[in-house]
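This report describes the fold of one protein chain, going from its strand pairings to its helix packing and then to the chain as a whole. The sequence and the structure come first.

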Amino acid sequence: MLMRVIGAILLLAFTCLGVAAARAAAAGSEVVPDGKLPQVATPLAYILDITADPRADRFEGRARIRVRLEQAATRVWLHAQRIDVHQLVASDANGRALKATVQLHGDTGVLEVRFAARVPAQEILLDFRYGAAFNAELQGLYKVRLGDDAYAMTQMEPVSARYAFPAFDEPRFKTPFDISLTVPVADVAVANTRQTGQTKSPDGQWKTLSFATTRPLPTYLVAFAIGPWDVVEAQPIAPNAVRKAPLPLRGIAARGNGAKLDWALQTAAAIVPWFEDYSGQPYPFDKLDLLGAPDFSAGAMENAGLIIYRDAELLIDKQSAAERYRGVFNINAHEIAHQWYGDLVTVPWWDDLWLNEAFATWAQAKATLALHPEYDAELGALEGRQWAMASDSLLSTRKIRQPIDGRGDIETAFDGITYQKGAAVLAMVERWVGEDRFRAGMRAYLAAHAFGSGSSNDLIATLAEHAGKGAALARVMRSFLDQAGVPLVKASLDCADGKATLALAQTRHLPLGVMASTRAQWSVPVCVRFGRGDGSDAQCFLLEQAQQQFAVAGACPDWLLPNADARGYYRFELAPADFARLTAAHARLRAPEQLVLADALDAAFARGSLAPDALLDAMPAFADSGVPQVATALFPRYLWIRRQLAGASTGLALDAWVADLYDARMRGLGWRRQAGEAGTVTALRRRLAHFLATEVRQPAARAALAAQGRAALGLDGSGTVDLARADPDLLDDALKIAVQDGGAPAYAAAQRAFEASRNTAQRYALVAALGASTEPALAARARDFGLTPRVQVGEMNYLYEAQLDEPANRAAAWQWLHAHFDALRERLPPFAQAGLPARFAVGRCSMAAADELAAFFTPRIKDLIGGERGLAQTVERIRQCATLREQLDARPLDEWAAAHRPRQASH
Ligand SMILES: [Zn+2]
């Protein structure tokens with residue numbers, strides 16, 4: 001699954017520690033299994049018959065599950081939630097009826113089948129007839145209304161199949177599924193596999209579609225969708241060296257959107273063969289459908305053969321932002337990678353979830369680098385890694401391979417540690433063992449576990465066989481998988497008699513205010529770039545002790561970068577003189593290495609070992625870069641200094657200085673995309689415009705964007721809404737500023753445009769603009785609007801994120817939360833609940849603010865799925881921010897600002 005990252009906050013939560021408290025309740029003599037099901041029964045196959053009209057409120061189903069009783073039993077535990085079981089017919093291996101009753105255990109999602117007498121070990125059949133309401137929180141089988149149309153679709157991962165049918169809802173159970181869907185004749189219905197048959201009801205109102213038996217799948221990969229969909233048949237993907245038959249490929253979107261699927265289909269047709277070549281395994285299923293759902297809780301979901309996306313992530317039209325093309329490619333690469341990593345080979349339990357998500361994240365970057373080098377996938381991966389490092393620097397972080405008990409642990413496992421840290425560890429190991437050996441190991445792992453399950457231990461054993469590193473491979477992997485935290489590698493160089501010796505030492509990187517022990521040890525492959533004259537070379541060393549010395553090949557280097565190619569999951573520290581030599585050589589570094597250098601500065605600042613004025617002194621060296629990520633790398637830390645340390649007049653002086661630093665570049669870029677310009681130019685414009693207009697609030701930048709936003713909303717005299725009148729890449733900010741500066745008329749125009757639009761991407765931009773209103777009455781109206789059905793569940797986050805981004809709104813939004821907590825929580829999908837404390841923590845940076853947040857959420861935390869973890873991390877982040885602020889001396893900053901007045905007044 002790909003989570004939706006908005007700003008720096010995942011829609012789902014950050015994480016925190018912990019094993020969920022035992023929440024088991026007694027059922028007869030046995031305990032209701034809230035975590036793993038007991039090893040009594042194994043499902044062998046399912047037949048699912050679903051009758052559903054998306055225009056109705058409920059659907060009906062029949063689930064026949066063939067089950068092997070592993071031992072004599074009086075009961076079988078499985079899962080069902082908010083399902084009404086009308087009838088259960090159980091029968092033994094000879095087809096004789098078994099007397100049985102069913103009981104749903106509260107809202108735990110556990111279903112108990114109790115037999116009247118002990119049943120010996122054998123194969124039995126459980127035949128359930130049931131009904132349920134379509135889910136309202138985008139889980140299980142849920143529905144979305146679009147005007148007069150209604151659509152039903154599924155989202156099962158991680159534990160929501162139980163809303164759609166009675167199920168053994170755990171990833172270790174992989175079985176074939178036979179699915180049939182009975183739907184209104186005018187609707188289209190699709191499922192994981194190809195359609196094999198169709199019959200009509202006698203009254204001509206319904207049709208029943210049957211689909212080919214699936215390959216063995218876990219319940220979380222089952223998918224189907226019903227509604228008046230547009231279906232676009234693409235050219236089948238041609239056979240190749242590993243796949244003998246053409247592969248049918250289709251795009252599916254809500255009525256009227258079929259024409260926007262072209263780019264997604266083109267990218268899929270390129271990505272599938274790439275993974276076949278890399279993995280040596282043919283695409284595992286009988287067809288590939290890409291379906292854009294009009295509302296969706298995550299970014300996309302890798303259902304076998306039927307990938308479902310939030311439609312804004314899949315559709316492209318002529319008004320789409322340039323970065324959407326790259327976005328569609330990236331998300332497609334991630335979900336298609338999962339067809340091998342996750343679907344073909346599946347994790348047995350959620351503690352190994354990283355095998356799915358880290359693999360897909362790592363492989364997505366790899367495919368992108370191969371097929372679209374201009375997308376700079378290395379830089380994207382690096383930004384993701386640095387974001388994960390921020391969580392991983394906290395005491396309340398979790399390990400990649402964290403024990404998982406209850407549902408909260410399962411939902412919060414989908415975090416930056418699982419995705420980005422996991423991918424970073426794979427990339428680091430790949431760099432260390434070499435691409436060819438790594439690929440051989442990955443191929444062997446997939447081949448050994450195809451259509452079955454694979455665990456971390458399986459992967460480590462298989463990789464070790466091919467890596468050529470002996471037992472060190474396992475030590476490296478385990479030290480990162482089973483231990484939280486980011487290593488801090490201190491490097492120093494000693495040259496004598498023409499021979500260089502490298503001394504490396506490791507501790508745990510800890511920002512000021514994080515009260516963990518620095519004494520931790522990893523087995524870290526440390527690759528170092530050594531510069532000599534005009535050239536450089538990289539050498540790798542395996543650091544396994546607290547301190548070690550290594551001989552360096554070649555003459556004494558002029559400078560060193562202790563993270564060559566930026567592949568290491570660690571931060572580094574150098575003596576001041578070495579740091580100065582490295583900074584002076586920064587133009588010789590590759591772009592990812594420049595980003596690692598910026599990260600080293602930022603991390604040193606967080607540890608309290610780099611002063612604010614020194615950080616500001618470093619900014620101009622990055623500002624001129626043509627690489628957007630590098631040119632803007634120090635923005636977050638600049639803003640932190642500006643907001644947390646600088647007094648009012650120093651703050652204004654700093655803003656004038658930074659605006660001047662970037663002003664000439666921004667003017668050179670202009671405020672509109674030019675035909676044929678490079679993607680990096682567009683991306684830099686978007687980043688700089690956002691920084692100058694919404695963060696620094698430079699009047700000239702705000703005026704330029706406001707004019708575009710007003711034109712888009714028809715407030716420039718035209719009277720017609722036409723969002724194409726704003727630059728597509730600047731639309732979000734242009735609308736926000738137009739609404740902020742335009743008062744009630746602009747708010748009303750944006751709301752009308754929002755309610756009239758069927759374009760999900762534009763609706764996100766419009767609803768965020770409403771949320772960003774800073775006039776108190778309008779901001780209040782926006783908060784309440786987010787709770788009405790006129791805002792879709794998946795749109796709420798855009799509204800509230802924009803609302804809380806504005807400092808002027810935070811106090812009122814906090815008061816509002818007191819009165820509306822229950823209403824807000826009830827609308828949020830399970831993923832989003834753990835993120836609620838973080839959402840309302842934006843801008844907090846004092847011990848009192850941390851205490852206030854904790855005092856509010858602590859008594860309510862049991863109502864938020866995964867909330868404990870989200871709250872613990874949020875409170876720790878606030879306290880860390882507060883400690884850093886208290887310990888830094890702000891006075892040199894005043895002197896620095898006075899000495900760095902811009903050459904001219906800001907425009
Ligand atoms: Zn994923």
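Two strands are taken to pair if DSSP finds at least two bridges between them. On that basis, β6 and strand β12 (residues 123–133) are joined by 11 bridges and run antiparallel, in what is a predicted model.

**The sheet around β6**

Strand β6 covers residues 58–69, and within its pairing with β12 the residue Phe59 stands opposite Ala132. Strand β5 (residues 41–52) also pairs with β6 in the antiparallel sense, over 11 bridges, and these two strands, β5 and β6, form a hairpin with 5 residues between them. In this hairpin the bridge partner of Pro43 is Val67 in β6. The pairing of β5 with strand β15 (residues 177–184) is parallel and rests on 6 bridges, with Ser180 in β15 as the bridge partner of Asp49.

These strands belong to an open sheet of 8 strands, whose order is β9-β8-β12-β6-β5-β15-β18-β17 and whose pairing is mixed. The edges are taken by β9 (97–98) and β17 (195–200), each of which has a single partner strand, so one side of each is left without a neighbour in the sheet.

The side chains of β6 alternate between two faces: Phe59, Gly61, Ala63, Ile65, Val67 and Leu69 point to one face and are buried, whereas Arg58, Glu60, Arg62, Arg64, Arg66 and Arg68 point to the other and are not buried. Phe59, which stands opposite Ala132 in β12, is thus one of the residues on the buried face.

The pairings described so far, together with one from a second sheet, are listed below.

| Strand pair | Sense | Bridges | Opposed residues |
|---|---|---|---|
| β5 and β6 | antiparallel | 11 bridges | Pro43 and Val67 |
| β6 and β12 | antiparallel | 11 bridges | Phe59 and Ala132 |
| β5 and β15 | parallel | 6 bridges | Asp49 and Ser180 |
| β29 and β30 | antiparallel | 9 bridges | Val528 and Gln539 |

**A three-stranded sheet and the helix it helps to cover**

The second sheet is open, has 3 strands in the order β30-β29-β32, and is paired in the antiparallel sense. Its edge strands are β30 (535–543) and β32 (559–561), each of which pairs on one side only, and the twist averages 25 degrees from one strand to the next. Strand β29 (residues 524–532) is joined to β30 by 9 bridges, and Val528 stands opposite Gln539 in β30.

Both β29 and β30 are among the elements that cover the buried residues of helix α10, as are α4 (353–371), α7 (416–433), α9 (456–467) and β27 (487–496). Helix α10 (residues 472–481) is mostly covered, with 8 of its 10 residues buried; these are Ala472, Leu473, Ala474, Val476, Met477, Ser479, Phe480 and Leu481.

**Helix packing and two buried residues**

Helix α7 also packs against helix α8 (residues 435–449), at an angle of about 120 degrees and with the axes 6 Å apart. Angles of 65 to 115 degrees count as roughly perpendicular and those over 145 as roughly antiparallel, and α7 and α8 are therefore oblique to each other. At this contact Leu426, Val429, Glu430 and Val433 in α7 meet Glu435, Arg437 and Phe438 in α8.

Gln762 lies in helix α20 (residues 760–771). Why is Gln762 classed as buried? Buried means under 20% relative accessible area, and Gln762 is buried because its relative accessible area is 14%. Leaving aside neighbours within four places in sequence, Gln762 is in contact with Gln319, Leu723 and Ser757.

Leu804, in helix α22 (residues 796–805), is buried as well, with a relative accessible area of 2%. Not counting residues up to four places away in sequence, Leu804 touches Arg810, Ala813, Arg839, Phe840 and Val842. The C-alpha atoms of Leu804 and Gly843 are separated by 8.6 Å, although these residues are 39 residues apart along the chain.

**The chain as a whole**

The secondary structure of the protein chain comes to 28 helices and 33 strands. Its radius of gyration is 28 Å, close to the 29 Å that the globule rule gives for 907 residues, so the chain is as compact as a globular protein of that length. The C-alpha trace spans about 90 × 75 × 55 Å along its principal axes.

Buried residues make up 60% of the 907 residues. Among contacts between residues at least 6 apart in sequence, 73% join residues at least 24 apart. The chain exposes about 32200 Å², of which carbon and sulfur atoms supply 52%.

How values were computed
Residues numbered from 1 in each chain as written. Predicted model: local features only at pLDDT ≥ 70, side-chain atom pairs only at ≥ 80, totals over all residues. Heavy atoms only, no water. Helix = DSSP H or I, 4+ residues; strand = E, 2+ residues; numbered from the N terminus. Axes fitted to C-alpha atoms, helices over the stretch in contact; angles between N-to-C directions. Buried < 20%, exposed > 50% of the residue type's maximum accessible area, 1.4 Å probe, protein only. Contact = heavy atoms within 4.5 Å. Rg over C-alpha atoms; globule rule 2.2 N^0.38 Å. Areas by Shrake-Rupley, 256 points an atom, 1.4 Å probe, with all protein chains shown as cover. Parallel < 35°, antiparallel > 145°, perpendicular 65-115°, else oblique.
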